[in-house]
Amino acid sequence: MRRPQELGRLITAMVTPFQDDGAVDYEQAKKLAMALLASGSDGLVVVGSTGESSTVTWEEEHCLFKEIKSVVGEHGAVIAGTGANSTEEARENTVKAEKWGVDACLLVVPYYNKPTQEGLYRHFKAVAESTQLPCILYNVPSRTVTNLAAETVIRLSKIPNIVGIKEASGNMEQVAQIIHGVREDFLVWSGNDSDTLPMMALGAYGVVSIASHLVGKQIKDMIMHFAKHETAEAAAIHRRLMPLFRDLFVVSNPIPVKFALNHLGFRVGSYRLPLTEPDAKSAEIILSTLSQFRIDLPL
């Protein structure tokens, strides 16, 4: 089992490429995985929310885990998005992902059914106890409605194979409470590119990024400058990248980043309904912002 730090400071929440007929494009997914590692990523989240997990079937997910791990090998961490709003489904998916040799799993807060904090604790505890994999919690209340409270994260951090959290609440007070209260080797990754540097100032380890599809080396440079206490250099990169961080969310993720990749010539196909192409105004904003940046992804 990888130590938490070996999962990496820069993890990309990878999009899922589709063919023209809507089928998963496994070959292009493998090419994208290797291109992301070549442009600064230490690891990849496969079939998280950016990977359109809500419309990818379990069978497709398992195939993606297997295929991507087969090409990535030991070059980077493969973190399987195995969370669900059903505890039993999340357990089953995590057990199957472990069989394909992934390095960790990402477990999103159950959505729609609005569990209590005690329900969240029991949910994550049950999934973690079903696997030997390192488990990363994922708090994104803008999508799940329910917030995973700092007190619950601290309680869950006492479970040995729950090793960290992707924290996307945007609440810096909550981030500080988590980092202050969890065990020493429990890691916190920012779940929003725009929050990475502020969260690292509070003690976070890195980011699970969207923008790293495009500017991975630059984000990695920012992270490493900060880790070496070169704060002015890190802040300058952060400020320069902020327009991209902002405009990759001009409409719902992953619409902008897939649109950007397709425009640049790295084909990742369309979206599965109910996601659609960006409207004309949003597309114009994305393209205008994109033109201002050097792209790190090998095209």
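**Exercise 1.** In this predicted model, determine in which loop V47 is found, what the sign of its phi is, and whether the residue is buried or exposed.

*Solution.* Begin with the location: V47 is found in the loop that runs between β2 (43-46) and α2 (58-72). Next, consider the backbone, where the phi of V47 is near 60 degrees, a positive value in a residue other than glycine. As a point of reference, most residues other than glycine have a negative phi. Finally, take the accessibility: buried means under 20% relative accessible area, and V47, at 2% relative accessibility, therefore counts as buried.

**Exercise 2.** Carry out the analysis for V145, stating where it is found, what its phi is, and whether it is buried or exposed.

*Solution.* The loop in question lies between α5 (141-144) and α6 (150-156), and V145 is found there. Although V145 is not a glycine, it has a positive phi of about 80 degrees. The term exposed requires a relative accessible area over 50%; V145 has 57%, so this residue is exposed.

**Exercise 3.** Identify which residue is joined to P254 by a cis peptide bond, which residue precedes P274 across a cis bond, and where P254 and P274 lie.

*Solution.* Start from the general expectation that most peptide bonds are trans. The bond that joins N253 and P254 is cis, with an omega of about 10 degrees, and P254 lies in the loop between α10 (231-247) and α11 (255-264). Turning to the other proline, the peptide bond from L273 to P274 is cis, with omega near 20 degrees, and P274 has its place in the loop between α11 and α12 (280-290).

Conventions: Residues numbered from 1 in each chain as written. Predicted model: local features only at pLDDT ≥ 70, side-chain atom pairs only at ≥ 80, totals over all residues. Heavy atoms only, no water. Helix = DSSP H or I, 4+ residues; strand = E, 2+ residues; numbered from the N terminus. Buried < 20%, exposed > 50% of the residue type's maximum accessible area, 1.4 Å probe, protein only.
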